[in-house]
Amino acid sequence: MRKTWIPAFAGMTISLGMTIVFAVAAKEVALDVGHYAAEPGVISASGIPEFEFNLALANEVKAELERHRVAVRLIGERGDYAVLHHRTRDARGADLFVSIHHDSVQERWLPQADRFAGFSLFISRQNPQLAKSLACASAIGAKLRGAGFTPSRYHADSVLGESRPFADEANGVHYYDNLAVARTATMASVLVEGGVLVNREEERRMRDPEVRGRIAAAVASGVRECLAKEP
Ligand SMILES: [Zn+2]
């Protein structure tokens, strides 16, 4: 356990072991399942709506976090959140907002969709906790890379993507300032694109429970690492 926890709770009259458990258990993550039943997001190469991929991955991230005593507030899992700012409204009080998505490409690149692969992470400079948002996104990206995944990179490209500038190029983090779930959140916020569903091979990987488990473990590990850095 991290020694840095000790000074913050030094005045409490409980044992050190209890202190550590209390500190970890006090964190709560709002885990947002991207899209909803009526508008389920990207349609994958084989015809499956993104919402189903988002729900499956979010449920695994939730299980991973809860296994490590991080509380999770799941948002949108019933597919009934049509208004984006209701997601961040209902996340109030959480320490971090993490929105789970899967990616596509611009329509003109769909015929070449198999060229595009990898994860992407987005944060907004309009979020009130930009430094923490970046720290959490970087930690998630670093853990995903450590688990063998590669940042997609194309969102930063003016031709292939949308010229979204890098906030942390090595870890695949982009600025997306107008992103509703990052801009309207009162807490730090990160949007995760797990992989590119319109790429046939990547879609197969995203459907593989073993791959999904590794992505979920990496996301949860990055979240825990960045939350552990603050009292
Ligand atoms: Zn999406």
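In what follows, contact means that heavy atoms lie within 4.5 Å of each other. The exercises concern a predicted model.

**Exercise 1. Establish how confident the prediction is, and find where the coordinates call for caution.**

Step 1. The average pLDDT of the protein is 91, and 89% of the residues reach a score of at least 70.

Step 2. Over residues 1–15 the pLDDT stays under 50, and the model has 13 contacts beyond four places in sequence for this stretch.

Step 3. Where pLDDT is low, predicted coordinates should not be read in detail.

**Exercise 2. Describe the overall make-up of the protein in terms of its elements, burial and contacts.**

Step 1. The protein has 8 helices and 7 strands, and buried residues make up 48% of its 231 residues.

Step 2. Of the contacts between residues at least 6 apart in sequence, 74% join residues at least 24 apart.

**Exercise 3. Determine which atoms coordinate the zinc ion, and classify the geometry of the site.**

Step 1. The zinc ion is coordinated by H35 through NE2, by E50 through OE, listed twice, and by H101 through ND1, at 2.1 to 2.8 Å.

Step 2. The angles among the 4 donor atoms run from 51 to 142°, and the site is irregular; four donors would count as tetrahedral if all angles lay between 85 and 135 degrees.

Step 3. Along the sequence the donor residues follow the spacing H-x14-E-x50-H. Distant parts of the chain are linked by the pair H35 and H101, which are 66 residues apart, with H35 in the loop between β1 (28–33) and α3 (50–67) and H101 in strand β3 (residues 96–103).

Step 4. H35 is partly exposed, with a relative accessible area of 26%, whereas H101, at 12%, is buried.

Step 5. Leaving aside neighbours within four places in sequence, H101 is in contact with G34, H35, E50, N54, L191, V192, E193 and G194. The side chains of H101 and S99 are joined by a polar contact of 3.2 Å.

**Exercise 4. Work out which side of helix α7 is buried, what that side packs against, and how the helix is capped.**

Step 1. Within helix α7 (residues 200–207), the residues E202, E203 and M206 are buried. They lie on the same side of α7, because the arc that they cover around the axis is only 105°.

Step 2. The exposed residues R200 and R204 are carried by the face of α7 turned away from its buried side.

Step 3. The packing partners of the buried residues of α7 are α3, β3, β7 (188–196) and α8 (209–228).

Step 4. At the N-terminal end, α7 is capped by N199, of which a side-chain oxygen lies 2.9 Å from the backbone nitrogen of E201.

**Exercise 5. Decide whether K132 and N178 are buried or exposed, and describe their surroundings.**

Step 1. K132 belongs to helix α5 (residues 130–146). K132 counts as buried because its relative accessibility is 15%, and the cut-off for burial is under 20%.

Step 2. Not counting residues up to four places away in sequence, K132 touches D95, A188, L227 and E230.

Step 3. N178 sits in the loop between β6 (173–175) and α6 (180–183), and with a relative accessible area of 54% N178 is exposed.

Step 4. Beyond four places in sequence, N178 touches Q126 and R183, and a polar contact of 3.2 Å joins the side chains of N178 and R183.

Step 5. N178 and N127, although 51 residues apart in sequence, are 9.5 Å apart in space from C-alpha to C-alpha.

Definitions and conventions
Residues numbered from 1 in each chain as written. Predicted model: local features only at pLDDT ≥ 70, side-chain atom pairs only at ≥ 80, totals over all residues. Heavy atoms only, no water. pLDDT = per-residue confidence, 0-100. Donors = N, O, S within 2.8 Å, 3.2 Å for Na, K, Ca; no water. Tetrahedral: all angles 85-135°; square planar, octahedral: opposite > 155°, others 65-115°. Helix = DSSP H or I, 4+ residues; strand = E, 2+ residues; numbered from the N terminus. Buried < 20%, exposed > 50% of the residue type's maximum accessible area, 1.4 Å probe, protein only. Arc of directions from axis to C-beta. Polar contact = N/O pair within 3.5 Å; in protein donor to acceptor, adjacent residues only side chain to side chain.
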